[in-house]
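Visitor: Please pick one spot in this chain and take me through it closely. After that, I'd like to hear how the rest of the chain looks around it.

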Amino acid sequence: MTFQKAPKGTIAIEEAVLDPAGLSWISASAPLFNPGHRQTPPDSPSGSPPGSPTRHSHLTSLLQDVHTTRLHQMDTHGVEYMLLSLTSPGPQGESDPAKAAIIAREANNWLSEQVNLNPARFGGLASVSMHNSAVASAEAVRAVKELGFFGLIINDYQDSSPGVPNADKEGKIYYDGEGFHEFWKTVEELDVPVYLHPRYPAAQDLEPGTKWGDRKQILGAAVQFHLDLSTHVYALCSSGVFDLFPRVKVVIGHLGEGIPFNLWRADHWYNKPVKKATRPSKEDYTYYFTHNISITTSGNFNEPGLKFCIDQIGVERCLFSIDYPYDTIAEAQYWWHGVDLPADQKELVARGNAIRLFKLPLDP
């Protein structure tokens, strides 16, 4: 079967979807996206309880759609291709290892089917449960080699239980320790990028009397997302993981979660003799941001910010993205058309870097 390619345009790589099985777990975080908002679709039974699969917002409908509204908006505004991934938190929000693995597998199977309906316009990033390296590695291999995914998506830390292997005292699993060397080795061997994406805090961190529970007004994309995820990225860079596995490629959105704007100061202190003598990594943060990490414009349509990032880490490490449906295709494209960059740089950010990094089956 021949699929119709779109004219050359932008390639967007942090674009969220939700499989039907995900309706059960997304209901837990839906109030965080829309505090106080309750909406019953026209076809929902009037007695459906809040959080049930039949009571969901317009946003949830957009997440589930791939081939109608999404594709129409892409055609209207000049988006050539999208890499799709399961919306946050995905398997990272499930503390039970068996259930988290099922969430990842079901989502990957569904997304593979959706991509295969129109592979000229869509590709996929695979979800993985990060309770342990072996399970994560196995699903990564299956998703890339059998399902044809172009990379992985991980939503910050993995919810777990205190005291289990790899988990800290708060029941969170981060991926900068030795327990995840097998996973990073697998990623390096597969030669695909890992997209590290933010997430809302775990349930226990939203209780009254906690940092986020008492300050829910700063939850989400505006503040909390980049504060939490940037900590994880700094930890990875400083852990020595990229020294052990130098071909690992990590992508972070939202103009690098604020890190490019702090690189000078981070390096200034990290390179002082007292730090250099004891730090786990061989190099400083800028080194890894110019060798292992790429960033995208997802949800951060800031022309001066993008130009600053290009100056700090190089144009070849900056990629266009939208963050649909949390931001609109129209807004992102309107901004992008007005961005003043040299033509060669604009082509790289819009599509060239994504084709190279993810090895997309598109004409350069």
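Guide: What follows starts with a single serine and then works outward to other spots and to the whole chain.

A word on the ground rules before we dive in. This is a predicted model, so local features need pLDDT of at least 70 and side-chain atom pairs count only at pLDDT 80 or more, while totals for chains, interfaces and linings use all residues. Numbering runs from 1 along each chain as its sequence is written, and side-chain values use heavy atoms, with hydrogens and water left out.

The spot is Ser127, which sits in strand β3, residues 122-127. Helices and strands here are DSSP runs numbered from the N terminus (H or I over at least four residues for a helix, E over at least two for a strand). Is Ser127 buried or exposed? Its relative accessibility is 2%, so Ser127 counts as buried. The cut-offs are under 20% relative accessible area for buried, over 50% for exposed, and partly exposed in between, with a 1.4 Å probe and protein chains only.

Who does Ser127 touch? Setting aside neighbours within four places in sequence, Ser127 is in contact with Leu86, Pro91, Ala104, Asn108, Glu139 and Ile153; contact means heavy atoms within 4.5 Å. Ala143 gives you another distance to go by: it is 16 residues from Ser127 in sequence, and the two C-alpha atoms are 8.6 Å apart.

Some of those partners lead to backbone oddities. Pro91 is one of the contacts of Ser127, and Pro89 is found in the loop between β2 (79-86) and α4 (97-117). The peptide bond from Ser88 to Pro89 is cis, with omega near 5 degrees. Another cis bond runs from Tyr324 to Pro325, again with omega near 5 degrees, and Pro325 belongs to the loop between β10 (318-319) and α14 (329-338).

Ile153 is another contact of Ser127, and Asp156 is found in the loop between β4 (151-155) and β5 (158-159). Asp156 isn't a glycine, yet it has a positive phi of about 55 degrees. Asp156 is also buried, at 1% relative accessible area. Lys359 has a positive phi of about 55 degrees too, and it isn't a glycine either. Lys359 comes in the segment after α15 (343-358), and its 45% relative accessibility makes it partly exposed. Why flag these at all? Most residues other than glycine have a negative phi, and most peptide bonds are trans.

Now over to helix α7, residues 224-239, where Ser230 is found. Ser230 is buried, at 9% relative accessibility, and leaving out neighbours within four places, it contacts Glu257 and Ile259. Leu236 is in helix α7 as well and is buried at 2%. With the same kind of neighbours set aside, Leu236 touches Tyr175, Asp176, Trp184, Leu196, Val241 and Phe242.

Asp243 lies in helix α8, residues 241-244. At 21% relative accessibility, Asp243 is partly exposed. Its contacts beyond four places away are Pro280, Ser281, Lys282, Glu283 and Tyr288. The C-alpha atoms of Asp243 and Glu283 are 8.3 Å apart, though 40 residues separate them along the chain.

Stepping back, the chain has 15 helices and 10 strands. Its radius of gyration is 20 Å, close to the 21 Å that the globule rule gives for 364 residues, so it is as compact as a globular protein of that length. That radius is taken over C-alpha atoms, and the rule is 2.2 Å times the number of residues to the power 0.38. The C-alpha trace spans about 65 × 50 × 40 Å along its principal axes, and 54% of the 364 residues count as buried. Among contacts between residues at least 6 apart in sequence, 75% join residues at least 24 apart.

As for records, the unreviewed UniProt entry lists residues 70-360 as "domain: Amidohydrolase-related"; positions are given in the numbering used here, feature names are shortened, and such annotations may be inferred rather than shown by experiment. Over residues 70-360 the chain is 45% helix and 12% strand, with the end C-alpha atoms 20 Å apart.
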